[in-house]
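Trainee: Could you take me through one part of this model closely? I would like to look at the salt bridges and what surrounds them.

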Amino acid sequence: MTSDLRRQLILGAAKRCFARNGFAGTTTKSVAAAAAISEGLLFKHFPSKAVLYAEILAEECQADPDLAHLLGQEPSTATLVELVKGMVRHFLGVAEGPDEEEAQRLRLMTTSHLDDGEFARLLYAKVGDLIGPVFIASLDRAVGAGDASRIGSDPLNLFWFAHHTLLMAALSRIPAVPCLSYGNAPDLERQLCEFLLRGIGLHEAALTSHLSSGRSSDPARQTAAEGA
């Protein structure tokens with residue numbers, strides 16, 4: 001069996017284990033058993049459980065048709081706005097929706113920051129590689145078109161500032177009794193979009209125009225990885 005086939009076999013077995021037992025309840029030993037290989041052979045492909053889980057989440061992001069569609073668009077102000085809108089919808093959806101698996105992923109991401117950080121580092125790297133180039137190119141186009149101002153010397157930082165803002169906003173709403181209600185604002189999605197887009201340098205005229213007439217796709221169920 002080729003290395004690529006073995007890798008896919010392990011990922012398939014891991015997906016079943018994680019789906020059945022969650023991250024905490026899954027061990028590399030159980031994944032190896034499900035894949036009918038030794039734990040040592042599993043470690044040759046995936047050196048830790050966190051690496052294995054992050055790889056599965058990255059594959060899910062890459063397979064998402066809405067995200068794939070957006071990442072295939074020409075970099076532009078409109079693409080930048082839709083990317084931010086998709087991130088906002090994703091994180092608000094995790095906090096408000098019934099998908100407990102997504103909520104658990106968000107908790108896992110947060111716990112990683114307070115532990116050794118391995119899982120968070122892995123996921124940030126994968127999300128940055130996947131979405132970062134489109135964000136940077138679209139922001140450059142927006143600046144070139146006069147729709148945005150350049151802020152700072154590292155545009156990828158602006159993406160992470162937006163991501164971290166949304167991560168914390170979602171976390172505050174995860175408990176059955178939210179830590180913070182944001183006043184139950186009915187326009188929370190738009191308010192967050194405006195806050196983030198202004199923060200990354202978008203001008204008011206472009207912000208108003210694109211938020212009122214943007215595309216309808218919802219690209220960031222992942223950003224996931226996003227992140228979740």
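Mentor: What follows is a walk from the whole chain to its salt bridges, and then to a few other sites.

Keep in mind that this is a predicted model. The chain holds 11 helices and 2 strands. Reading from the N terminus, the order is α-α-α-α-α-α-α-α-α-α-α-β-β. The C-alpha trace spans about 60 × 45 × 30 Å along its principal axes. The radius of gyration is 19 Å, and a compact globule of 228 residues would have one near 17 Å, so the two agree. Buried residues account for 46% of the 228. The accessible surface is about 10,900 Å², and carbon and sulfur atoms supply 56% of that.

Now the charges. The chain carries 21 positive and 27 negative ones. Their mean positions lie 5 Å apart. Side chains of opposite charge can pair when their charged atoms come close. Here the cut-off is a nitrogen of Lys or Arg within 4 Å of a carboxyl oxygen of Asp or Glu. By that rule there are 9 salt bridges.

Start with Lys126 and Glu55. Their side chains meet in a salt bridge, 2.9 Å from N to O. The pair links distant parts of the chain. Lys126 sits in helix 8, residues 118-144, and Glu55 in helix 4, residues 49-63. They are 71 residues apart. How covered is each partner? Lys126 has a relative accessible area of 28%, so it is partly exposed. Glu55 has 15%, so it is buried.

Go next to helix 6, residues 77-96. Lys85 forms a salt bridge with Glu82 there, with 3.1 Å between the closest N and O atoms. The two are 3 residues apart in this helix, which means a separation of about one helical turn. Both Lys85 and Glu82 are buried.

Helix 6 also supplies Arg89, which pairs with Glu189 of helix 10. This salt bridge is 3.3 Å, N to O. The two residues are 100 apart in sequence, so the pair ties together separate parts of the chain. Glu189 is partly exposed, because its relative accessible area is 33%. A network comes next: Arg190, Glu194, Arg198 and Glu204 are joined into one by salt bridges that share partners.

Stay with helix 6 for one more residue. His90 lies in this helix. Its relative accessible area is 7%, so His90 is buried. The C-alpha atoms of His90 and Ala170 are 9.4 Å apart, although 80 residues separate them along the chain.

Ser181 offers another pair to set beside that one. Ser181 is in the loop between helix 9 (155-171) and helix 10 (188-199). With 36% relative accessibility, Ser181 counts as partly exposed. Ser181 and Leu57 are 124 residues apart along the chain, and their C-alpha atoms are separated by 29 Å.

Finish at the N-terminal end, with a patch built from nonpolar side chains. Met1, Leu5 and Leu9 make a nonpolar surface patch of about 320 Å². Leu5 belongs to helix 1, residues 3-21. At 52% relative accessibility, Leu5 counts as exposed, because the cut-off for that class is over 50%.

To retrace the route in the structure, begin at Lys126 and Glu55. Move on to Lys85 and Glu82. Then find Glu189 and Arg89.

Terms used. Residues numbered from 1 in each chain as written. Predicted model: local features only at pLDDT ≥ 70, side-chain atom pairs only at ≥ 80, totals over all residues. Heavy atoms only, no water. Helix = DSSP H or I, 4+ residues; strand = E, 2+ residues; numbered from the N terminus. Rg over C-alpha atoms; globule rule 2.2 N^0.38 Å. Buried < 20%, exposed > 50% of the residue type's maximum accessible area, 1.4 Å probe, protein only. Areas by Shrake-Rupley, 256 points an atom, 1.4 Å probe, with all protein chains shown as cover. Lys, Arg positive; Asp, Glu negative; His and termini not counted. Charge placed at Lys NZ, Arg CZ, Asp CG, Glu CD. Patch = residues over 30% accessible without salt bridge, like charges linked within 9 Å, V, L, I, M, F, W, Y side chains within 5 Å.
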